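Let us go through some charged contacts in this chain. Short questions, short replies.

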Amino acid sequence: MAKTTLRVSIDFDDRAVRYVAVNGTDAGAVTAFGERRLPPGVIKNGKVANRRKLTDILKKCAKAWRIKRQAVRFHVPDAFVFLRSVDIPEHIQEEEIKSHLYMEMAASLPLPFEDPIFDYIPLENHKILLVASSRAIVADYAEALRKAGLKPIAADITPLSFYRLLHARGIAEPDEHILCVGLHRHMMNVSIFHDDKPLFIRQFLGTYVIALGTEAAYNEDEKDALAEIERVLHFYRYTIQRGEAGITKIVLLSDSDHVDLRDADPILSAALGVPVKTLQSSDFPTETAGPIPETCLLALGLALREDD
């Protein structure tokens, strides 16, 4: 029998570092998970502000979580992810695409980073989806992990981890147009997937104190969130799809204790006119580790990555 590989993923934000360990790529085979709160100022707005302190904390986490010397995957902060659809000339071969993109970025494809690190996702009709981030931002996290005795082997983006959770639950079909909404304490992240590929990513900064399951009337934060989601629905249908298609499903996920999505599905479905599904801890039972909290679900989605 082939030996099952332990997959460890790390998720950072300004408030905490979280991990999930999974045997293989089965969402139910979680063996362990954990969270360590960060002191203020260690990570600020997605940037490592105090690498020495972060390294010290990660060393303690690696020991407590028994993952020292393990290969790990980690998320690139959402604020430093750049996504754009790019046309590729027909004469460019697949093995030449990265070289072509290097030239395009230098000549006519401005990025918000001076020294980007990038990858791409093939689309249809000679198009690719360029995914770029700041090399310096990614390197800071990777170096802190290495100095803590871990082995960073891949950096990924949270929308892809979100979408893997949908596949694990069997609620994503390639022909659907799915809007993934991540609700966090100080931001809301939205991404749209079709044909198993991300077509749109956007981050909205703000404070979302949401409790849709406890009151019939919307508070101002809920109204702001709904207004942003409605604008995304309109933009996708009429600008990206030119009126030919629209969002067919909305999936919500929150990792904040300021967001209560219990019983939110029927309320939001009625408000937005689109079926809504909320991902919760109970959707991902584990064999041995107990219920995994919502705060660790994105790290679980990262652990399910199969391509490395």
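The turns below cover salt bridges and one helix.

Me: What kind of model is this, and which atoms count for side-chain values?
Reply: This is a predicted model: local features need pLDDT of at least 70, side-chain atom pairs count only at pLDDT 80 or more, and totals for chains, interfaces and linings use all residues. Residues are numbered from 1 along each chain as its sequence is written, and side-chain values leave out hydrogens and water and use heavy atoms.

Me: How many salt bridges are there?
Reply: A salt bridge is a side-chain nitrogen of Lys or Arg within 4 Å of a carboxyl oxygen of Asp or Glu. By this rule the count is 16.

Me: Which helices do Asp140 and Arg51 lie in?
Reply: Asp140 and Arg51 form a salt bridge, with the closest N and O atoms 3.2 Å apart. The pair ties together parts 89 residues apart in sequence, because Asp140 lies in helix H3 and Arg51 in helix H1. Helices are DSSP runs of H or I, at least four residues, numbered from the N terminus.

Me: Is Asp156 buried or exposed?
Reply: Asp156 meets Arg305 in a salt bridge at 3.1 Å, N to O. Buried means under 20% relative accessible area, exposed over 50%, partly exposed in between (1.4 Å probe, protein chains only). At 6% relative accessibility, Asp156 is buried.

Me: What relative accessible area does Arg169 have?
Reply: Arg169, in helix H4, forms a salt bridge with Asp283 at 3.6 Å. Asp283 is buried at 14%. Arg169 is partly exposed, at 30%.

Definitions and conventions. Helix = DSSP H or I, 4+ residues; strand = E, 2+ residues; numbered from the N terminus.
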